[in-house]
Amino acid sequence: MLALRVNGKTDASTGRDMKTQVMFAHLPLLWAPDSANVCVIGHGSGITTGSTLRNPVKHVDVVEIEPAVVDASRLFNGVSGDPLADPRTHLVIEDGRTFLRDAAPGSYDVIVVDFYWVGEFT
């Protein structure tokens, strides 16, 4: 099993959570099947992005705050489908919240976020 840990937390693996990573992409796209523009916040292993690209989308912005995570994601290319090599993918190194705050309203048909929070909301 291959796992990606960030700050001690497993963010992605080829283990039991693989179904969840795939589901994060397919469920919203089942709900909105005509989606052309998708934003995926947090690249992790790239499995969610790769699953997004298995749908007839035209453009996917992938927003990842940590370049080292992008580097590590390449180890998952065998299971993710190498989504960063897909011409529909545009990688943005940025904080997801900042990126979406500055995006034009209506830019995306679907926004995919695997939300995990440690701390307090302020």
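This is a short walk through the strands, helices and a few residues of one predicted model.

Okay, some ground rules before we start. Numbering starts from 1 along each chain as its sequence is written, and the side-chain values use heavy atoms, with hydrogens and water left out. The model is predicted, so to speak of local features we need pLDDT of at least 70, side-chain atom pairs count only at pLDDT 80 or more, and totals for chains, interfaces and linings use all residues.

Let's begin with the hairpin. Strand β1, residues 3–6, and strand β2, residues 9–13, run antiparallel and are joined by four bridges. When I say strand or helix, I mean a DSSP run, numbered from the N terminus: H or I with at least four residues for helices, E with at least two for strands. And two strands pair if DSSP finds at least two bridges between them. In this hairpin V6 sits opposite K9 in β2. Two residues lie between the strands, and N7 has a positive phi near 55 degrees.

There's another positive phi to look at. D82, which isn't a glycine, also has phi near 55 degrees. As a reminder, most residues other than glycine have a negative phi. D82 is in the loop between α4 (77–80) and β5. Is D82 buried or exposed? Neither, really: D82 counts as partly exposed, because its relative accessibility is 32%. The cut-offs are under 20% relative accessible area for buried, over 50% for exposed, and partly exposed in between, with a 1.4 Å probe and protein chains only.

Now the main sheet. Four strands make an open sheet, in the order β5-β4-β3-β6, with parallel pairing. At the edges are β5 (89–93) and β6 (110–113), each pairing on one side only. From one strand to the next, the twist averages 20 degrees.

Going into the pairs, β3 (residues 37–41) is joined to β6 by four bridges, and V38 has V110 as its bridge partner in β6. On the β4 side, β3 and β4 pair over five bridges, with I41 opposite V63 in β4. Why do we call β4 largely enclosed by the rest of the structure? Because five of the six residues of β4 (residues 59–64) are buried.

Next, the helices. α1 lies across β3 and β6, and runs at about 155 degrees to β6. For angles, axes are lines fitted to C-alpha atoms, for helices over the stretch in contact, and the range is 0 to 180 degrees between N-to-C directions.

Helix α2 covers residues 47–52 and includes S51. S51 counts as buried because its relative accessibility is 1%. Leaving aside neighbours within four places in sequence, S51 is in contact with V22, A25 and H26, where contact means heavy atoms within 4.5 Å. T48 is in α2 too, and is buried at 13% relative accessible area. With the same neighbours left aside, within four places in sequence, the contacts of T48 are Q21, F24, A25, V40 and V112.

Last stop, M23. M23 is in helix α1, residues 18–31, and counts as partly exposed because its relative accessibility is 37%.

That's the tour, so over to you.
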